[in-house]
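Okay, thanks for making time, everyone. I'd like to walk you through one model today, so let's get it up on the screen.

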Amino acid sequence: MTRKERSKKVEISWIRRRLLAWYGKNKRDLPWRRSRDAYRVWISEIMLQQTRVAAVIPYYERFLERFPGVSALASAPEQDLLATWAGLGYYSRARNLQRAARKIEEQGNFPREYSALRGLPGVGDYTAAAIASIAFDLPHAVLDGNVLRVLSRLTGERGNVASVRVRNRLREVAEQLLHPKRTGEFNQALMELGALVCLPKQPQCRKCPVARHCLALEQGVQNELPVKSTRPGFSRLEKELLVIERAGKILIWQRSRENGRLAGFWELPEPDQLEGAKLGSRIGQFRHTIVNTTFLCHVFRASLFVVPKGFRWLARSRIHEVPLSTTAKKALQCIVD
Ligand code: SF4
């Protein structure tokens, strides 16, 4: 195992320990947290879709009194079901609960696997992962709005969280972080951190148990993340450009001939291209719009020991001799000697 892999492992186990300890002390006492019974977990997760916790509590208790298990729910007259649900809204959730309860009755057992849970009416990826982990401690990471926010800040993710690519990246992070045994508790801890500390507008970083490893906090951008696309068909993305200078020369790379509109233009490197690049101070930022996408570009000083193939050093005094992309030009204007 390389030193980098070892330190990643230490960091992950530190985050797990700190988060679980914080959750043990700070979690809210919510009625659905008093039991790990799959039926109860399922009902609470469905009720919590698009509904605030405080609003759900009285409904949850009343619902369980009236329908204490799968059989009672499966055999309830629809009018009864809808009357018990009345006020919570989104009635399709109640109808799906009953359809699912009938399916479970037919199968004879409450499903214990992710794929079977996912096959129940009204159960999507998030809900299946929540039930599988909370009720059965199966290794499925949840990815709801709270988790997306916490993880995008922890990892300093500047891409649009509404995009599939960024979600997949954050899903991978969630899976790596997931505690291998206490999966349900860990998922809930991450969601609780988002609900109580890593708030959308004013994250309470001073109270945060994992602040030591939060990249957004380190870079002072916790209020700017996560990035979300605001207009339909229009995206806002962020990226980092690196100014790496050595003996009066700047490190640049050239786009290949197949690169469409920007073919042959020279660019500044981005962190993903340079493994081992060490980020220094942020020297500026600017916006740049291409068709339907506005990029918020952050410009960092950086250093690097080994330069990979495909890059070239060019004297700053000769930089105007090559065709530079507009973003590279704007980024180089951030240099103040
Ligand atoms: Fe969120 Fe702040 Fe904690 Fe980072 S340090 S995870 S921004 S609360």
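I'll go through the ligand site, then the pockets and cavities, then the aromatic pairs and a few backbone oddities.

Quick housekeeping: this is a predicted model, so local features need pLDDT of at least 70, side-chain atom pairs count only at pLDDT 80 or more, and totals for chains, interfaces and linings use all residues. Residues are numbered from 1 along each chain as its sequence is written, and side-chain values use heavy atoms, with hydrogens and water left out.

Right, the ligand. Where does the ligand sit? It's in the largest cavity. "Sits in" here means that more than half of the molecule's atoms lie within 2 Å of the grid points. And a cavity, on a 1 Å grid over the protein atoms alone, is a set of points where a 1.4 Å probe fits but cannot get out; a pocket is an open set with protein on both sides within 12 Å along at least five of seven lines, and lining residues have an atom within 4 Å of a point.

Around the ligand you'll find R153, V197, C198, C205, C208, A211, C214, L217 and Q222, where near means a heavy atom within 4 Å. That shell breaks down as seven nonpolar residues, one polar and one charged. For the classes, Ala, Val, Leu, Ile, Met, Phe, Trp, Tyr, Cys and Pro are nonpolar, Asp, Glu, Lys and Arg are charged, and the others, Gly among them, are polar.

The cavity itself holds about 130 Å³; volumes are the space filled by probe spheres set on the points, with grid points joined across faces, edges and corners. It has 15 lining residues, and R153, C198, C205, C208 and C214 are the ones nearest its centre. Helix α9 gives the largest share of that lining, three residues. Helices (H or I, at least four residues) and strands (E, at least two) are DSSP runs, by the way, numbered from the N terminus. By class the lining is 12 nonpolar, two polar and one charged.

How many cavities of 30 Å³ or more are there? Two. The second largest has a volume of about 40 Å³, and its lining is W32, V41, S44, E45, I134 and Q188. There α2 supplies the largest share, three residues.

On to the open sites. The largest pocket comes in at about 2,000 Å³. Its lining has 46 residues, with T155, L215, E240, P271 and D272 lying nearest the centre. The largest share there is seven residues, from α10. In terms of class, we get 18 nonpolar, 11 polar and 17 charged.

The second largest pocket has about 430 Å³ of space. It's lined by 19 residues, and nearest its centre are E45, L48, Y126, D144 and M191. Which helix gives the most to this lining? That's α11, with four residues. Notice E45, which also lines the second largest cavity.

Now, aromatics. Rings of Phe, Tyr and Trp (its six-membered ring) pair if their centres lie within 6.5 Å, with planes under 30 degrees apart called stacked, over 60 edge-to-face and the rest tilted. The count is five pairs. One of them is W42 with F110, edge-to-face at 5.8 Å centre to centre and 70 degrees between the planes. W42 is in helix α2 and F110 in the loop between α6 and α7, so this pair ties together parts 68 residues apart in sequence. Both W42 and F110 are buried, meaning under 20% relative accessible area, with exposed over 50% and partly exposed in between (1.4 Å probe, protein chains only). Add Y39 to W42 and F110 and you have one aromatic cluster.

Last bit, the backbone. Most residues other than glycine have a negative phi, and most peptide bonds are trans. The L225 to P226 bond is cis, omega near 0 degrees, and P226 is in the loop between α12 and β1. D137 has a positive phi, near 55 degrees, in the loop between α8 and α9, and is partly exposed at 28%. A247 also has a positive phi, about 45 degrees; this one is in the loop between β1 and β2 and counts as exposed at 79%.

That's my tour, thanks.
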